[in-house]
Amino acid sequence: METVEGLAPDAASVTAARKLARPGPWTATGYDERAVWGLCKGSGARPYQTQVDLSGPAYNCSCPSRKFPCKHALALLLLRARGDVPEGEAPAWVVEWQASRGERIWPFRVLERKDAVVPNGLHERHGVVEVLRRLAREADDEIGRERHARDRVADAAHQIEVLLAGMAPAHAAQHLG
Ligand SMILES: [Zn+2]
């Protein structure tokens, strides 16, 4: 529980999450080795789709809250911590989000790896590599912070791909120290 509270953006979010951390508002909850998810009844007709990728952790919720993580994600983690979420198979909307994250941030993941193979010539330009690594970390943070950040990250990823393509002789690659 302390862990969940440590993730909250403020005290009000913890209070709100505690109120929501009961089975009543939730349907279709589940967890697997990577994620926990569920549908939470809100004020609108459609329940919010809430999910947490525990490998980050990274959060995603269809509610309009600008808080990050939102109270729904925190409540879901509280429910999970209490054992109130059953093990299950991730539904399509969870699988799709995970896939879109992995896909869009692949250039950053590649650069974060110590044994990353980068185009020949780029390994000498450590300044550039450092900048890219910093962008990678910021982008990963941002994906979590803001739902709408994913498009911006996709743009950044595209720019990096263009940059890499422009710097590299196409025929060779070297290991980055
Ligand atoms: Zn939410």
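The following exchange examines how several descriptions of this predicted model are justified.

User: What elements make up the chain, and in what order do they run?

Analyst: The chain holds 7 helices and 6 strands. Read from the N terminus, the order is α-α-β-β-β-β-α-α-α-β-α-α-β. Of its 177 residues, 27% count as buried. Among contacts with a separation of 6 or more, 62% link residues that lie 24 or more positions apart.

User: Why is the sheet called open?

Analyst: The sheet consists of 4 strands in the order 1-2-3-4, with antiparallel pairing. Strand 1 (26-31) and strand 4 (58-61) each have a single partner strand, so one side of each is left without a neighbour in the sheet. These two strands therefore stand at the edges. On average, neighbouring strands of the sheet are turned by 10 degrees against each other, direction ignored.

User: How do you know that strand 1 and strand 2 are paired?

Analyst: Pairing requires at least two bridges, and strand 1 and strand 2 (residues 35-40) have 4 bridges in the antiparallel sense. The two strands therefore meet the criterion. Within this pair, T27 stands opposite L39, and G30 has W37 as its bridge partner. A hairpin of 3 residues joins strand 1 to strand 2.

User: What makes strand 2 and strand 3 a pair?

Analyst: The threshold is again at least two bridges, and strand 2 and strand 3 are linked by 6 bridges in the antiparallel sense. The pairing is therefore established by the same criterion. One of the residue pairs concerned is V36 with V52, its bridge partner in strand 3.

User: Why is strand 2 described as largely enclosed?

Analyst: In strand 2, 5 of the 6 residues are buried, so the rest of the structure largely encloses this strand. V36, for instance, touches Y31, V52, L54, L76, L77, R80 and V85, when residues up to four places away in sequence are not counted.

User: What lies across the sheet, and at what angle to strand 3 does it run?

Analyst: Helix 3 (residues 71-81) lies across strand 1, strand 2, strand 3 (48-53) and strand 4. Its direction is at about 60 degrees to strand 3.

User: How do you know that the buried residues of helix 2 share a side?

Analyst: The buried residues of helix 2 (residues 11-20) are S13, A17 and L20. They cover an arc of only 60 degrees around the axis, which means that they are on the same side of helix 2. An α-helix has 3.6 residues a turn, so residues three or four places apart point the same way. On the other side of helix 2, A11, A12, T15 and K19 are exposed. The cover over the buried residues of helix 2 includes strand 2 and helix 3.

User: What makes up the largest nonpolar core, and which element gives the most to it?

Analyst: The largest nonpolar core has 26 residues, and those with the most contacts inside it are V36, A73, L74, A75, L77 and L78. Helix 2, strand 1, strand 2, strand 3, strand 4 and helix 3 are the elements that give two or more residues to this core. Helix 3 gives the most, with 7 residues.

User: Why is A21 called buried?

Analyst: A residue is buried if 20 or more other C-beta atoms lie within 10 Å of its own. A21 has 23 such atoms, and it is therefore buried. A21 is placed in the loop between helix 2 and strand 1. Leaving aside residues up to four places away in sequence, A21 touches A75, L78 and L79. A21 and R82 are 61 residues apart in sequence, yet 9.4 Å separates them in space, C-alpha to C-alpha.

User: Why is A28 called exposed, and what is its phi?

Analyst: The limit for an exposed residue is 12 or fewer other C-beta atoms within 10 Å. A28 has 12, so it counts as exposed. A28 belongs to strand 1. Its phi is positive, about 55 degrees, although A28 is not a glycine. Most residues other than glycine have a negative phi, and most peptide bonds are trans.

User: Which residues are joined by a cis peptide bond, and what is its omega?

Analyst: The cis peptide bond joins F68 and P69, with omega of about -10 degrees. P69 is in the loop between strand 4 and helix 3.

Note on methods
Residues numbered from 1 in each chain as written. Predicted model: local features only at pLDDT ≥ 70, side-chain atom pairs only at ≥ 80, totals over all residues. Contact = placed C-beta atoms within 7 Å. Axes fitted to C-alpha atoms, helices over the stretch in contact; angles between N-to-C directions. Arc of directions from axis to C-beta. Core = buried A, V, L, I, M, F, W, Y, C linked by C-beta atoms within 7 Å.
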